[in-house]
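Take a walk through this predicted model. The route goes from the overall layout to single side chains.

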Amino acid sequence: NDTVIMKRLVVCLVVLLMVGQSCQKQPKAPKEVLTHYFLISNKVVTGDTSEIEFLKKHLSKSATNAVQKVPLLLEYSLLAITRKGQLSKVEIKGQNTFSKDSLVFNVDLIYQDKFIKNINQSMVYENGAWRLSVSAP
């Protein structure tokens with residue numbers, strides 16, 4: 001009887017772990033982080049702040065320092081990059097890898113009015129995650 005109870009507990013724990021991992025699925029690859037970052041930025045600008053921690057968590061140390069030094073820098077940057085919440089699609093056009101933990105993506109930001117803005121976005125691998133950086137390495 002105790003064996004049956006233990007087996008059921010183990011099955012329940014495994015199911016809970018699997019459900020928890022799927023609910024908290026965060027992008028890991030740099031392309032996924034970058035795309036997710038811009039799309040979440042658009043959501044934040046339009047009033048959905050449920051994932052604002054993702055934005056803060058995926059800034060490099062240098063970017064975080066810059067944001068902390070200049071009041072409203074993050075807010076204004078998000079407004080500018082999303083054109084006040086008009087971003088509809090992110091397309092990665094190319095990638096330059098400088099080292100195993102430093103790269104730059106060439107990205108097209110496509111807005112609702114079909115305007116396309118091409119940018120280069122640096123990323124660094126810090127503390128176990130890919131993060132957006134403030135300048136090309």
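The protein has 5 helices and 4 strands. Their order is simple to follow: read from the N terminus, the elements run α-α-α-α-α-β-β-β-β. The chain holds 137 residues, and buried ones make up 31% of them. The accessible surface comes to about 9100 Å². Carbon and sulfur atoms account for 58% of that surface.

Now consider contacts along the sequence. Take those with a separation of 6 or more. Of these, 47% join residues 24 or more positions apart.

Next, look at the end of helix 5, which spans residues 73-81. Strand 1 covers 87-99, and Thr-82 sits in the loop between the two. Is Thr-82 buried or exposed? Its relative accessibility is 0%, so Thr-82 counts as buried; the cut-off for buried is under 20%. Its side chain also has a polar partner. A polar atom there lies 2.7 Å from the backbone oxygen of Leu-78.

Which residues does Thr-82 touch, leaving out those up to four places away in sequence? The list is Phe-38, Ser-41, Asn-42, Val-45, Leu-87 and Tyr-111. Among them, Leu-87 belongs to the range of strand 1. Two other names on the list, Phe-38 and Tyr-111, return below with the aromatic rings.

Helix 5 also contains Leu-79. Here the accessibility is 35%, so Leu-79 counts as partly exposed. That class lies between the buried limit of 20% and the exposed limit of 50%. Leu-79 joins Leu-72 and Tyr-76 in a nonpolar surface patch. The patch measures about 310 Å².

Turn to the rings. A pair of aromatic rings is described by the distance of the centres and the angle of the planes. The count for this model is 4 aromatic pairs. One of them is formed by Tyr-111 and Phe-115, with centres 6.1 Å apart and planes at 35°, so the pair is tilted. What sets the label is the angle: planes under 30 degrees apart would count as stacked, and over 60 as edge-to-face.

The two partners fall into separate accessibility classes. Tyr-111 is at 0% and therefore counts as buried. Phe-115 is at 41% and therefore counts as partly exposed.

Ring pairs also build a cluster. Its members are Tyr-37, Phe-38 and Phe-54. Phe-38 ties this part of the tour back to the loop, where it touches Thr-82. Tyr-111 does likewise from the tilted pair, as another contact of Thr-82.

Methods. Residues are numbered from 1 along each chain as its sequence is written. This is a predicted model: local features need pLDDT of at least 70, side-chain atom pairs count only at pLDDT 80 or more; totals for chains, interfaces and linings use all residues. Side-chain values use heavy atoms; hydrogens and water are left out. Buried means under 20% relative accessible area, exposed over 50%, partly exposed in between (1.4 Å probe, protein chains only). A polar contact is a pair of N or O atoms within 3.5 Å; within protein, one must be able to donate a hydrogen and the other to accept it, and residues adjacent in sequence count only if both atoms are side-chain atoms. Contact means heavy atoms within 4.5 Å. Patches are made of residues with over 30% relative accessible area and no salt bridge: like charges are joined within 9 Å, nonpolar side chains (Val, Leu, Ile, Met, Phe, Trp, Tyr) within 5 Å. Accessible areas come from the Shrake-Rupley method with a 1.4 Å probe; for residues, only the protein chains shown count as cover. A salt bridge is a side-chain nitrogen of Lys or Arg within 4 Å of a carboxyl oxygen of Asp or Glu. Rings of Phe, Tyr and Trp (its six-membered ring) pair if their centres lie within 6.5 Å; planes under 30 degrees apart count as stacked, over 60 as edge-to-face and the rest as tilted.
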